[in-house]
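Biologist: Please take one residue of this protein and show me its surroundings closely. Then place that residue in the wider chain.

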Amino acid sequence: MFTGIVEELGEITAVETLDDACRFRLRGPVVTEGAKHGDSIAVNGVCLTVVDHEGDEFTADVMAETLNRSSLGALAVGSRVNLERPMALGARLGGHIVQGHVDGTGRILERKPSENWEIVRISLPAELSRYVVEKGSVTVDGISLTVVDAGPDFFTVSLIPTTLALTTLGLKQSGDPVNLEVDVIAKYVERMIGDRAIGEGATR
C-alpha cells in the first residue's frame, strides 16, 4: 500500500524487451536505500517488484498486462518517473490509500499556469468517471491529488510549485499519457451497495 506522496524523481537507465514483458533498470537513490529482492516500489503509480538492486539502481520486470493497461510501455531510457516505497506500518498517511493498481490511463489535455500554481486538465475514461468527484482524491502517475473539477470525460487538478518541481507532472506536456488510479473506497462502496440491492431484490 502506498500514499501517493512521491519520494523522488527517478530515471529509466535501461530497458530490456522480453517475449511478453520487459525489464526496466531504474535509478533512485532514495527508494533503493535498504531495498532488497522482492520489495515493492511504485513507478508512476504502478506497484513493481524489485528483481535486483545494485548501488542506487534497481531492476523490475513488467508483464504484458501491465504494459497494456498503463503508460509504462511508453517509457524509454532517460524517462523520468515518480518513485515511492510502500507505507510503513504506523507511518502518517500523507496522501490517501493508493494500491499501485492502475485503473486506466488519461492524457494531459491542457495546462493553465498562474503565479503560484497550475491547473491541469486530464482526460478521463468513461468507465472511471463515476469514481472521480469534486474535492475527492485521485492518483495521477502515482501522485495523490485533489480533484478541482470533474466532468464526464475529464477532471482538473491544481498543482503547487513543489509538485511541479518534484514529480513528472512538472515535465508532462499536452498529449502525454498518465496513469490513473481512482479511490478504492469508492469502488468498494459501489460493490457493497450493488450487492445489497441484488439481495433485497431476491427477497421480494
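Modeller: The answer below starts with one loop residue and then moves outward.

This is a predicted model, so local features need pLDDT of at least 70, side-chain atom pairs count only at pLDDT 80 or more, and totals for chains, interfaces and linings use all residues. Residues are numbered from 1 along each chain as its sequence is written, and side-chain values use heavy atoms, with hydrogens and water left out.

The residue is Asn 44. Find strand β3 (40-43) and strand β4 (46-54); Asn 44 sits in the loop between them. Helices (H or I, at least four residues) and strands (E, at least two) are DSSP runs, numbered from the N terminus. Look at the backbone of Asn 44 next. Its phi is near 50°, a positive value in a residue that is not glycine.

Is Asn 44 buried or exposed? Asn 44 is buried, because its relative accessible area is 2%. Buried means under 20% relative accessible area, exposed over 50%, and partly exposed in between (1.4 Å probe, protein chains only).

Which residues does Asn 44 touch, leaving out those up to four places away in sequence? The list is Leu 72, Leu 75, Arg 80, Val 81, Asn 82, Asp 141, Gly 142, Thr 168 and Asn 179. Contact here means heavy atoms within 4.5 Å. Now take a distance along the chain and in space. Asn 44 and Asp 103 are 59 residues apart along the chain, and their C-alpha atoms are separated by 13 Å.

Set Lys 135 beside Asn 44. Lys 135 is not a glycine either, and its phi is positive, about 70°. Lys 135 lies in a loop too, between β8 (118-123) and β9 (137-140). Its cover is another matter. Lys 135 counts as exposed because its relative accessibility is 56%.

Now widen the view. UniProt, in an unreviewed entry, places the feature "domain: Lumazine-binding" at residues 1-96 and 97-193. The feature "repeat: Lumazine-binding" is also placed there by UniProt. UniProt positions are given in the numbering used here, feature names are shortened, and annotations may be inferred rather than shown by experiment. Residues 1-96 are 6% helix and 44% strand, with end C-alpha atoms 10 Å apart. Residues 97-193 are 16% helix and 41% strand, and their end C-alpha atoms lie 21 Å apart.

Val 98 is worth a stop. Val 98 lies in the loop between β6 (80-84) and β7 (104-113). Val 98 is buried, because its relative accessible area is 3%. Beyond its neighbours within four places in sequence, Val 98 is in contact with Met 1, Phe 2, Thr 3, Gly 4, Thr 139 and Glu 181. Val 98 and Asp 183 are 85 residues apart in sequence, and 7.5 Å apart in space, C-alpha to C-alpha.

Two strand residues come next. Arg 25 is in strand β2 (residues 21-27). Thr 59 is in strand β5 (residues 57-63). Thr 59 is buried, because its relative accessible area is 6%. Arg 25 and Thr 59 are in contact. Among the other contacts of Arg 25 are Glu 11, Asp 52 and Glu 57. Thr 59 also touches residues including Arg 23, Phe 24, Thr 49 and Val 50.

Finally, step back to the protein as a whole. It has three helices and 12 strands. Its C-alpha trace spans about 60 × 45 × 40 Å along the principal axes. A compact globule of 204 residues would have a radius of gyration near 17 Å, and the 18 Å of the protein agrees. The radius is taken over C-alpha atoms, and the globule rule is 2.2 Å times the number of residues to the power 0.38. Of the 204 residues, 42% count as buried. Among contacts with a separation of 6 or more, 70% join residues 24 or more positions apart.
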